[in-house]
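This report walks through the sheets, the chain contact and a few individual residues. The sequence and structure come first.

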Number of protein chains: 2
Amino acid sequence: VTGRVYLVGAGPGDPDLLTVRALRLLERAEVVAYDELVPMEIVALAAPGAERLPVGRRRGRGAVPYRVHPAVIERARAGKMVVRLKTGDPFVFGRGGEELEELAEEGIPAEVVPGISAALGAAAATGIPLTHRGVAAAVTLATGHDGARLATPGTLVLYMAAHNLERCMRELALAGRPEATPAAYVEAATTPRQRVVIGTIATLAASIGDPGDAPGLVIVGDVVGVAAAIASCTAPPALRVRKVGS
Amino acid sequence: VTGRVYLVGAGPGDPDLLTVRALRLLERAEVVAYDELVPMEIVALAAPGAERLPVGRRRGRGAVPYRVHPAVIERARAGKMVVRLKTGDPFVFGRGGEELEELAEEGIPAEVVPGISAALGAAAATGIPLTHRGVAAAVTLATGHDGARLATPGTLVLYMAAHNLERCMRELALAGRPEATPAAYVEAATTPRQRVVIGTIATLAASIGDPGDAPGLVIVGDVVGVAAAIASCTAPPALRVRKVGS
């Protein structure tokens, strides 16, 4: 018997932002294989008897020498039901495609369960719409080092941009965006440690201070100004980040 | 007492792809206001005593003359807890920003709960990664009529493109994309009626036949070919769409 591997999006951080499907799979998983960036509150939702396998590494600690962790393949071959938890969505900078390719080569049945990607979580938690009539008709999701060079229309969200933010902002300006374009830095979106800094392409890098260990992303575009307009005429709790578990 | 309005993403169609947060809010909502495109299986998850308010109109039946439906404002003013269900994610072509602006103007506390946007649902259900190493380093979400003209790098997802697909494909080619670029049409993603057609910019429009009433989107880019490669060497059930409730 061959088991099955579920590539499951764990969402942006808040355990309540798992999908119902992801939660049910977690609760009946025999093995839970998770990235270091998946919050432990989410891993803890697995059944008490499930084997917990930390796999993958944080950004910056060297390349991962495999696509699918060998233990995941071994457990699936032994007939186990494996949930492979990935932060955000498996198919948006989650390398889910690479894992799926290898599982297919190995003949292991696989299924992908989508998750709330960090951009969507950060947008909801800050009140910044990613598209907005008359302001942004499209949104591009990219990563810091490549994305800043893109001359895309509409909103641009840069994942994994915290640690080279100054360079990213400089490249955005070089790519033709006005230096006064609003930009928001969102760290640890949807978690109790969420931190939001609002500025412009010219000012943001100097304003964020020391980026934490948590994932950070940057939303660039006039939609950032829309959120500020909403917040300024709203009662304080309205746009506050909900605490986990509330 | 003023109530509260939750702008809640209902996800791409499969009720199991609601977030846990969305499901819990639905279960305790006093009023559920929903677009016509939200599946009735999802509206049915509300408590039996909740008032159900169909608001908003389908595409093509004329513009909606309000941002927030007047009944939603009236119920919130009367102290009710209102869940405003929107297909996909409220901030990705969901007009959530406009509703949030009006709620702020009215002084009604509001909160946004993100949802699985159609692009993420369709990607997971078809095995098409939106980003993939060496193939696509970014993904742009746009709508059919505007989006096809964009010369964006990486993957392009066109929402609401089913009913003017031929024109969209022509404009993609005019914008400089090779006619042989792979493209996938996904209708009613993540539901039992899901339909997927794979082709190229040159062939897709002629292949889809009559688009249904269900929302359809198009994924354009070489990532579509990655999925085909995975599917061809995978056991049949692996990439099949899961039926609702399984």
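Strand β6 (residues 138-143) of chain A pairs with strand β7 (residues 155-159) of chain A in the parallel sense, over five bridges. Within this pairing, A:T140 stands opposite A:L156 in β7(A). Helix α7 (residues 165-174) of chain A packs on the sheet. The helix touches β7 and β10 (216-220) of chain A, and its direction makes about 155° with that of β7(A). The model is a predicted one.

## The sheet shared by both chains

Which strands make up the sheet that holds β6(A) and β7(A), and in what order? The order is β9(A)-β8(A)-β10(A)-β7(A)-β6(A)-β6(B)-β7(B)-β10(B)-β8(B)-β9(B). That is an open sheet of ten strands with mixed pairing. In this order, β6(A) is followed by β6(B), and the sheet runs on from one chain into the other. The edges are taken by β9 of chain A and β9 (195-200) of chain B. Each has a single partner strand, so one side of each is left without a neighbour in the sheet. From one strand to the next, the twist averages 15°.

## The sheet within chain A

A second open sheet is built from five strands of chain A, ordered β3-β2-β4-β1-β5. Here the pairing is parallel. Why do β3 (51-54) and β5 (110-113) of chain A each have one side without a neighbour in the sheet? Both stand at the edges with a single partner strand each, so one side of each stays unpaired in the sheet. The twist of this sheet averages 20° from one strand to the next.

Strand β2 (residues 31-34) of chain A pairs with β3(A) in the parallel sense over four bridges. The bridge partner of A:A33 in β3(A) is A:L53. Helix α1 (residues 20-28) of chain A packs on this sheet. It touches β1 (4-9), β2, β4 (81-86) and β5 of chain A. The direction of α1 makes about 135° with that of β1(A).

## Chain A as a whole

Chain A has nine helices and ten strands. Of its 246 residues, 60% count as buried. Among contacts between residues at least 6 apart in sequence, 63% join residues at least 24 apart.

A:A184 offers a case in point. This residue is found in strand β8 of chain A. It is buried, with a relative accessible area of 0%. A:A184 and A:V220 are 36 residues apart in sequence, yet their C-alpha atoms are 6.5 Å apart in space. Leaving aside neighbours within four places in sequence, A:A184 is in contact with A:I128, A:V197, A:I198, A:L204, A:L217, A:V218, A:I219 and A:V224.

## Two residues with positive phi

Two residues of chain A have a positive phi although neither is a glycine. The table sets them side by side.

| Residue | Phi | Place in chain A | Relative accessible area |
|---|---|---|---|
| A:F93 | about 55° | loop between β4 and α4 (96-105) | 19% |
| A:T190 | about 70° | loop between β8 (182-187) and β9 (195-200) | 5% |

Are these loop residues buried or exposed? A:F93 is buried at 19%, where the cut-off is under 20% relative accessible area. A:T190 counts as buried at 5%.

## How the two chains meet

A rotation of 180° with 0.0 Å of shift along its axis superposes chain A on chain B, with an RMSD of 0.0 Å. The two copies are thus related as by a two-fold rotation axis. Both copies use the same surface: 100% of the contact residues of chain A recur in chain B.

How many residues does each chain give to the contact? Chain A gives 59 residues and chain B gives 59 residues. Between them, the chains bury about 4,800 Å², and 65% of that is on carbon and sulfur atoms. On the chain A side, A:R21, A:F91 and A:L120 lose the most area to chain B. Together these three account for 12% of what that side buries.

Charged pairs also span the contact. There are four salt bridges between chain A and chain B. One of them joins the side chains of A:R24 and B:D16, at 3.0 Å from N to O.

How values were computed:
Residues numbered from 1 in each chain as written. Chains lettered and ligands numbered in written order. Predicted model: local features only at pLDDT ≥ 70, side-chain atom pairs only at ≥ 80, totals over all residues. Heavy atoms only, no water. Pairing = 2+ DSSP bridges. Helix = DSSP H or I, 4+ residues; strand = E, 2+ residues; numbered from the N terminus. Axes fitted to C-alpha atoms, helices over the stretch in contact; angles between N-to-C directions. Contact = heavy atoms within 4.5 Å. Least-squares fit on C-alpha atoms with pLDDT ≥ 70 in both. Buried < 20%, exposed > 50% of the residue type's maximum accessible area, 1.4 Å probe, protein only. Buried area = accessible area lost by both parts, 1.4 Å probe.
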